[in-house]
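Reader: Could you take me closely through one part of this model, the sheet at the start of the chain, and then place that part within the rest of the molecule? I would like the terms spelled out as you go.

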Amino acid sequence: MDKILVVDDEAGICHSFRRVLGRYDYEVLTASTGEEAFEKVTTADPALIIMDVNMPGLDGIETLKKLKAVHPALTVIIMTAYSTSEKAITAMKYGAYDYITKPVDNAQLIALVERAVAAGKMNLPVTFEGVSDEEGDRIIGSSPAMLEIFKKIGQVAESDVPVLLRGETGTGKELIARAIYQHSKRINKPFLPVNCAAIPETLLESELFGHEKGAFTGADTRRIGKFEQCHTGTMFLDEIGDMPHSLQAKMLRVLQDGCIQRLGGSEIIKTDVRIIAATNKNLESLISKGKFRDDLFWRLNVVCITLPPLRERKEEIEDLINYFIRKFNREFGKEVNGISSEILKGFRKYDWPGNVRELQSVIQRGMVLCTGNYLLPKDCEWLSQTGQTHKSETDIEKILSDTANEILRRGGAEVYREAVSQFERLLVRKALELTNNNQALAAKFLGISRNTLREKISSDKKGSPHKE
Ligand SMILES: Nc1ncnc2c1ncn2[C@@H]1O[C@H](COP(=O)(O)OP(=O)(O)OP(=O)(O)O)[C@@H](O)[C@H]1O
Ligand SMILES: [Mg+2]
């Protein structure tokens with residue numbers, strides 16, 4: 001009879017596991033602390049351990065880490081009532097077989113236990129290596145889909161395999177890339193993000209691979225590319241779908257054998273770089289159009305993590321809002337406690353095409369405008385009317401276009417300069433009004449530096465001859 005050790009400080013939980021599993025030909029042992037679990041593992045040699053995270057003394061994750069150091073082949077399922085991305089990733093990284101949230105459905109539990117016990121007998125590989133406990137950016141996510149993603153991060157972070165991150169814009173691909181890096185063995189080595197869409201095609205090649213002196217007109221010194229700089233580190237190739245076709249063959253070579261050649265050079269340089277790539281494009285369709293090499297796709301796609309759009313995990317909206325409110329309270333020195341139920345309703349109806357990034361910027365804007373302790377519909381005006389959108393791009397374009405016509409009609413020698421500076425002054429004043437003259441906040445809101453803002457204010461004060 002296989003023995004299962006249940007570790008939980010709540011006697012009730014141990015009891016219910018004993019009752020359920022006992023019906024299925026398992027001998028159930030229990031322990032109420034990590035220390036006791038350690039003893040029982042030595043004396044009873046269980047086939048499987050099911051262990052809670054939150055326990056007084058050694059917690060479940062610490063116990064898992066210690067157990068695995070001594071008994072690397074142990075099969076352990078970690079369970080928790082309050083799941084976080086960190087706990088899920090760390091549990092899997094320390095070699096948990098699975099990570100589940102309480103309450104646990106009996107049928108699912110039995111199925112999982114059977115699989116885990118069988119896997120333990122086959123002695124499937126479990127990894128453990130010394131890892132830093134460094135806390136990364138927080139990733140909010142309690143939906144089943146996000147939990148699966150956290151588990152996958154924990155499973156792949158420590159290996160050097162390439163990871164391909166897919167998902168719509170604003171779903172958190174970059175955040176996940178950083179989490180993988182933070183949980184990898186390369187944490188103390190460089191992390192180098194390269195945005196393939198932001199760098200012109202002609203520059204991207206020398207940016208990535210470097211060039212020799214004289215490789216092309218203007219190349220008057222040798223340049224070391226990002227692959228060489230990033231040796232032993234992790235490169236985040238963002239917007240990989242936009243990588244020019246001409247560079248894809250070189251990329252394939254790096255992934256195959258780590259070899260690169262500087263532009264205009266003949267020397268073959270060996271590098272050791274872990275690649276995490278991301279895209280919101282449909283790579284399959286790019287492949288069918290001949291814009292993306294399918295051999296490169298297969299090399300990158302060894303492990304693929306697809307982030308679901310926010311509209312498919314609306315249960316996360318409330319947690320995300322609270323997280324962003326806490327974040328902007330800290331950043332803006334505000335004391336906002338929450339959001340009105342009316343807004344929350346509107347948020348739940350909305351489809352969030354810009355995903356988490358859009359939600360974050362709505363909260364950020366609302367918090368700048370908010371004067372009380374709660375975000376009210378007037379602060380998030382754009383959603384309160386129809387439950388849908390604020391003034392659309394076309395509305396704004398129409399207003400601007402009418403204004404431009406009016407200005408052009410009036411004419412003048414410096415019509416361009418005047419119109420631009422007039423609009424600029426207006427923007428700056430509005431931002432200052434909205435933020436109660438808080439320059440730091442206004443600059444942040446406008447996306448300019450504080451110095452630039454000060455310059456704009458002082459040139460406005462000095463009085464341009466063309467006041468509104
Ligand atoms: N689960 C999450 N928890 C907390 N913050 C999140 C989460 N997902 C996304 N964000 C935040 O939303 C913003 C957008 O995320 P990110 O830049 O990772 O998106 P992306 O998928 O790379 O988008 P794009 O395809 O446009 O580059 C970031 O500020 C990120 O911190
Ligand atoms: Mg991104």
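Author: What follows begins with the sheet and then moves outward to the rest of the chain.

The model is a predicted one, in which local features need pLDDT of at least 70 and side-chain atom pairs count only at pLDDT 80 or more, while totals for chains, interfaces and linings use all residues. Residues are numbered from 1 along each chain as its sequence is written, and chains are lettered from A and ligands numbered from 1 in the order in which they are written.

The sheet is an open one of five strands, in the order β2-β1-β3-β4-β5, and its pairing is parallel. Strands here are DSSP runs of E with at least two residues, helices are runs of H or I with at least four, and both are numbered from the N terminus; two strands pair if DSSP finds at least two bridges between them. In general, the strands of a sheet pair through backbone hydrogen bonds, either parallel or antiparallel. At the edges of this sheet are β2 (26-31) and β5, each of which pairs on one side only. On average, neighbouring strands of the sheet are turned by 20 degrees against each other, direction ignored, where axes are lines fitted to C-alpha atoms, for helices over the stretch in contact, and angles run from 0 to 180 degrees between N-to-C directions.

Strand β1 (residues 2-7) pairs with β2 in the parallel sense over six bridges, and Asp2 stands opposite Tyr26 in β2. Lying across β1, β2 and β3 (48-52) is helix α2 (residues 34-44), which runs at about 170 degrees to β1; contact between two residues requires that their C-beta atoms, placed from the backbone, lie within 7 Å. Beyond the other edge strand, the loop between β5 (98-101) and α5 (106-122) contains Pro103, which is joined to Lys102 by a cis peptide bond with omega of about 0 degrees.

As for the wider setting, the chain has 20 helices and 14 strands, and its C-alpha trace spans about 95 × 65 × 40 Å along its principal axes. The domain assignment, whose bounds come from an automatic or database source, gives domain 1 (2-144), domain 2 (159-306), domain 3 (311-384) and domain 4 (408-461). The centres of domain 2 and domain 3, taken over C-alpha atoms, are separated by 35 Å, and their contact takes five residues from domain 2 and five residues from domain 3.

Around ligand 1 there are 16 residues, of which Thr169, Gly172, Lys173, Glu174 and Val356 come nearest; a residue is near a molecule if its C-beta atom, placed from the backbone, lies within 6 Å of it. Helices α7 (173-182) and α15 (355-369) each supply at least two residues of this shell.

Helix α15 also holds Asn355, which has a positive phi of about 55 degrees although it is not a glycine. Thr232, likewise not a glycine, has a positive phi of about 75 degrees and lies in the loop between α9 (226-229) and β8 (234-238). Asn355 is buried because 22 other C-beta atoms lie within 10 Å, whereas Thr232 counts as exposed because it has 12 C-beta neighbours inside 10 Å; the cut-offs are 20 or more other C-beta atoms within 10 Å for buried and 12 or fewer for exposed, with partly exposed in between and C-beta atoms placed from the backbone.
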